[in-house]
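Got your viewer open? Let's take a walk through this structure, one selection at a time.

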Amino acid sequence: MRRRFGARTLPRGVNFALAAAAIAIAIVFPLFFPQGSGWVDDMTIALAYVVMGLGLNVVVGYAGLLDLGYVAFFAIGAYTTGWFMSGFYGDANIHVFVGEFAKALPGIHLNFLLVVVIAAGLCAIAGIIIGLPTLRLRGDYIAIVTLAFGEIIRVFAIEGNEITIVGNAKLTAGRQGITPIDKIDLPFLDQFTSLNLRPWYWTALALVLVVLFVNIRLRDSRLGRAWIALREDEVAAASMGIPLVKTKLMAYAVGAAFGGMSGAFLGSFLNTVNADQFAFGFSIFILAMIILGGLGSVWGVVIGSLALSLINTRLIPDVLNDVPSNLGLDFNLVDVNYGIFGFLLVLMMVLRPEGLLPERRRQIELHEGTPGDEALVEVTHA
Amino acid sequence: MEASTSAPTPPPALSRGFAATVQDLLSKYGLIALLLVLPVAYGIQDLRDDGNLAGIANNLLDGLSNGAIIALIAVGYTLVYGIIELINFAHGEVFMIGSFTAVAFWGLIGLGLGSSVIGLVLGLLLTILVAMVTCGGMNVMIERVAYRPLRGAPKLAPLITAVGMSFILQNVGLLWLGGSPKSVDDLIRAQDNLFTFIGINVSRADLLAFGVTIPLVILLTVFVTRARLGKAMRATAQDPEAARLMGINVDTTISLTFLIGGMMAGAAGLTYALYQTTIWFFQGFQAGLLAFTAAVMGGIGNLRGAVLGGLIIGCIQQISDNRISPSWTPAIVFAYLILIMVFRPQGLLGEETREAG
């Protein structure tokens, strides 16, 4: 492929060294801050968002299926911790691989590693269920159907305190939230506490590295190439023998599983799972991250997720919050953070749709169009 | 927009098995049956409990008048989708801004609870004009800023900017009137009963909703079918390249479509403020999704379909609000949306887009 648009291709060794340096810095980062520092807190959340961004990137970036209901998987993942790592089901007494402290509590208490696997599995199934009806739909209808699923799950989360499963057991705790959630308790390590945030950070970083590795390997695999082919031209991909159903469902399942893992982590880290966390805006927040970084570009997504997450937790509330009032306007910037994300979305799509750190193939698609495009009419495949 | 009966006519059912016949029937009447579930179920319940159908009839009337407002918004979705195949996600927010503008403007010209009838009528006529012009202009600007630069881009790109615009406008509304619902002067005493006909209470609000929607929809239909610019719109919807070759200015025509859609949303905004007497920044998101569902239900791109879909969605919403619980309404409406999109994407009256053509 010809090099266009000044697309940078660094030698393989340089790339590798850069990645290694970035990971090394990421590992030592919390040592420069006190154990309970706000920076470690914010970076932990940012890393959890990176996992979500990488998950959504599989669906939107690789396979080109616009998912506006990604928050559903955050919800399912978080509720998995709510159900299986708390005293929410007080009538049950199930303890699997948990420390002394949790053993004494009523409720269902599973080890975090188990919960992550369950969350990933549940979300993969949910992803397939949500994906199934969208298989024959065109792109924009997929977006709306996924949005609708996300909203339906939110309604279930809010009203779940009225839904009885068996006996006293409810589906969710609604807006009140399920709290407290067990702290993560990994084998060979002490139980995590809310005083020392470093272990949380490193756990999140480990999740990121695992997901990153899987993401890169998937991209370069047969499946990954099938996703990209599908994104560029569904009809051509199908006629080259790519099984559309299986390929699309795999994208949904993989993307959802990552979202679930991150959701499970955040459930435990934030120590609460309540329905108000799962609004539509969150889906757009994650979408804005990967668009900022560059759809389909793994490193772009990492940068974009970190950047937007820190903009959200640091730049807007701490640095820029007083700017409007200093200008004589009567509001705080925090109130309009979603407006800012919306503005970023528009700005990026109009000025640099390929993102900050673009994937080369995507860049070409965006600037020259895929072969099926006409000037005004986009050929879609109903 | 050709008559979109292009769906392949099934071979005579005689030569096929029973299962195939059932499938045919389902695909033809399944959606209609599904839509009748709620009213019929609660109608039967009313008959059993009260011995008459007044309860469900009142729900349906409220639903229809509510749906008339949704229909006005749905028209905007369907027109825009018909012409550039874009879900104008920000359209619901344009409607919300319409409500806000209307309330601000009638406050500005001093309409209040004490205004005389003539003053009220004239003032509200002026307000509806202002709301329509504001929303129409805003919609045109949105298209200019956020959609036009992306004409040649993949189809999902403008959809993403549309979502972005929607969030921007939502936050404009948030800054404008704050985060909680705000009640406004009940200028027309909306809930006053005008008359009761066989147990059905017709309120002023019902009359208002029909009184705004029916003339506007008739005007719009005449414009699209008869006027030169309306014909240009239909031509562009069918084939923009050919329309361009015939000397139609495609860009202007698209702007015009956004203008008309925005104006309808503005009118809906005023009607909503008078009807509900509460406005808040989130009303646009909810109403927008309802209206989009309505547009898909009627067959996207299809004007009459959008109106029909709006009325039906209004009824579903009203019955669900009234009989089940308002908090479940979004889930019920979205379930309908998913079922329709998956099993009958062409809607009730048939889609009128290039793909369907």
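## Stop 1: where the chains meet

Start with both chains on screen, and keep in mind that this is a predicted model. The contact draws on 41 residues of chain A and 40 residues of chain B. On chain A's side, select helix 6 (139–159), helix 11 (280–293), helix 14 (337–351) and helix 15 (360–368), each of which supplies at least two of the residues touching chain B. Helix 6 of chain A gives the largest share, with 12 residues. Now colour chain A's side by residue type: you should get 28 nonpolar, six polar and seven charged residues.

## Stop 2: a valine in chain A

Stay in chain A and pick V117(A), which sits in helix 5 (residues 112–131). Is V117(A) buried or exposed? Neither, quite: V117(A) has 17 C-beta neighbours inside 10 Å, so it counts as partly exposed. Being buried would take 20 or more. Next, add M261(A) to your selection: V117(A) and M261(A) are 144 residues apart along the chain, yet their C-alpha atoms are separated by 7.5 Å.

## Stop 3: a hairpin in chain B

Hop over to chain B and select strand 2 (residues 193–197) together with strand 3 (residues 200–203); these two strands pair in the antiparallel sense over four bridges. For one of the partnerships, click N193(B) and find S203(B), its bridge partner in strand 3 of chain B. The two strands form a hairpin with two residues between them, and I198(B) in the turn has a positive phi of about 35°. How many of the five residues of strand 2 of chain B are buried? The number is zero, so strand 2 of chain B lies largely in the open.

## Stop 4: an enclosed helix

For a contrast, select helix 9 (residues 250–276) of chain B. Its 27 residues reach 38 Å from first C-alpha to last, close to the 39 Å expected. Of those residues, 21 are buried, so helix 9 of chain B is largely enclosed by the rest of the structure. Just after helix 9 of chain B comes T277(B), with a positive phi near 55°.

## Stop 5: two packed helices

Finish with helix 11 (residues 303–324) and helix 12 (residues 329–343) of chain B, which pack at an angle of about 145° with their axes 9 Å apart. Their crossing is right-handed. Show the side chains at the contact: helix 11 of chain B brings I313(B), I316(B), Q317(B), S320(B) and D321(B), while helix 12 of chain B brings T329(B), I332(B), V333(B) and Y336(B). By type, these residues divide into five nonpolar, three polar and one charged.

Note on methods: Residues numbered from 1 in each chain as written. Chains lettered and ligands numbered in written order. Predicted model: local features only at pLDDT ≥ 70, side-chain atom pairs only at ≥ 80, totals over all residues. Buried ≥ 20, exposed ≤ 12 C-beta atoms within 10 Å, placed from the backbone. Pairing = 2+ DSSP bridges. Contact = placed C-beta atoms within 7 Å. Nonpolar A, V, L, I, M, F, W, Y, C, P; charged D, E, K, R; others polar. Axes fitted to C-alpha atoms, helices over the stretch in contact; angles between N-to-C directions. Left-handed = near helix turned anticlockwise from the far one by under 90°. Expected span 1.5 Å × (residues − 1).
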